[in-house]
Amino acid sequence: MEETWGQFKTFEGAKFEVLNPNFTREVSGLIGGQDLTACFQCAKCSAGCPVSDKVNIQVHELMRMLLFGLKEVLQTDMVWLCTTCYTCQERCPQGISITDIIFGLKNMAFRRGIAPPGYLAARKGLYDTGRLYEPTDWEREDLGLDEVPEFDINDIRKMFDKTGLMKLEEE
Ligand code: SF4
Ligand code: SF4
């Protein structure tokens, strides 16, 4: 079964309501966003992207959507499946900080309540137990490691509370 993080499997035939210049302006304010208009759609970024066969839009299309002010970009797989490998950024002939922009888009999406269920489950696990994964004693023994050190879960929760990581702001 084909899987997707985003709401849209494809944008083919999708109708976008308006081009939103405010959204483009907001993205221009992100780290790397100041060079957004320099993109001339050569698609060199997409040609080197290791997740290009897994996403519902390619990274050069994401750049186009940003220029057009299409907020639907926040619901695309590309935002979350980007591995932050920086290949696109290295390849861009216009020197656009594409990966940095995508980092910013993740934050924007998260603040709007858009995040893959897996991320939310991982966040909850971390808040509840302080761990993303429960190590087993025998695994550590096999590797010759000491027991997992004890820690105070309240320290982790304080960090969550201070950063507001348990909150998602709905639009
Ligand atoms: S490589 Fe740079 S200029 Fe080319 S499409 Fe991607 S972002 Fe635009
Ligand atoms: S940083 Fe993200 S978008 Fe850029 S090439 Fe790597 S996976 Fe693709």
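This is a short walk through two cavities, the ligands in them, and a few residues of the model on the screen. The model is predicted, so local features are taken up only where pLDDT is at least 70.

I'll start with the cavities. Two of them reach 30 Å³ or more. The largest holds about 100 Å³ of space, and 15 residues line it. Closest to the centre of that cavity are C49, P50, C82, C85 and C88. Two helices, α5 (87-91) and α6 (98-111), give two or more residues each to the lining. Sorted by class, this lining has eleven nonpolar residues, four polar ones and no charged ones.

What sits in the largest cavity? Ligand 2 does. Around ligand 2 there are 13 residues, and C49, C82, C85, Y86 and C88 come nearest. Looking back at the cavity itself, C49, C82, C85 and C88 were also among the residues closest to its centre. The shell around ligand 2 draws at least two residues from α5 and at least two from α6. Its classes come out as nine nonpolar, four polar and no charged.

Since α6 has come up twice, a word on that helix. α6 has 14 residues and spans 20 Å from its first C-alpha to its last. That is close to the 20 Å expected at 1.5 Å a residue. Is α6 buried or exposed? Eleven of its 14 residues are buried, so the helix is largely enclosed by the rest of the structure. The cut-off for buried is under 20% relative accessible area, with the protein chains only. The buried positions run I98, T99, D100, I101 and I102, then G104, L105 and K106, and finally M108, A109 and F110.

Now the second largest cavity. It has about 90 Å³ of space. The lining is made of 13 residues, with C39, C42, C45, C92 and P93 nearest the centre. Ten of the lining residues are nonpolar, two are polar and one is charged.

Ligand 1 sits in this second largest cavity. The shell around ligand 1 has 13 residues, and the closest are C39, C42, A43, C45 and C92. The elements that supply two or more residues to that shell are α2 (44-47) and α3 (59-67). By class the shell has nine nonpolar residues, three polar and one charged.

A43 deserves a second look, along with Q41. Where is A43 found? It is in the loop between α1 and α2, and Q41 lies in the loop between α1 (21-28) and α2 as well. The backbone of each has a positive phi in a residue other than glycine: near 60° for Q41 and near 70° for A43. On accessibility, Q41 is at 25%, so it counts as partly exposed. A43 has a relative accessible area of 22% and is therefore also partly exposed.

Last, a residue away from the ligands. E147 is in the loop between α8 (137-142) and α9 (153-163). Its relative accessibility is 69%, so E147 counts as exposed. How far apart are E147 and C82? They are 65 residues apart in sequence, and 35 Å apart in space from C-alpha to C-alpha. C82, to recall, is one of the residues that come nearest to ligand 2.

To sum up the placement: ligand 2 is in the largest cavity, and ligand 1 is in the second largest.

Terms used: Residues are numbered from 1 along each chain as its sequence is written. Chains are lettered from A and ligands numbered from 1 in the order in which they are written. This is a predicted model: local features need pLDDT of at least 70, side-chain atom pairs count only at pLDDT 80 or more; totals for chains, interfaces and linings use all residues. Side-chain values use heavy atoms; hydrogens and water are left out. On a 1 Å grid over the protein atoms alone, a cavity is a set of points where a 1.4 Å probe fits but cannot get out, and a pocket is an open set with protein on both sides within 12 Å along at least five of seven lines; lining residues have an atom within 4 Å of a point. Grid points are joined across faces, edges and corners, and a volume is the space filled by probe spheres set on the points. Helices (H or I, at least four residues) and strands (E, at least two) are DSSP runs, numbered from the N terminus. Ala, Val, Leu, Ile, Met, Phe, Trp, Tyr, Cys and Pro count as nonpolar, Asp, Glu, Lys and Arg as charged, and the others, Gly among them, as polar. A residue is near a molecule or strand if one of its heavy atoms lies within 4 Å of it. A molecule sits in a cavity or pocket if more than half of its atoms lie within 2 Å of its grid points. The expected span of a helix is 1.5 Å times one less than its number of residues. Buried means under 20% relative accessible area, exposed over 50%, partly exposed in between (1.4 Å probe, protein chains only).
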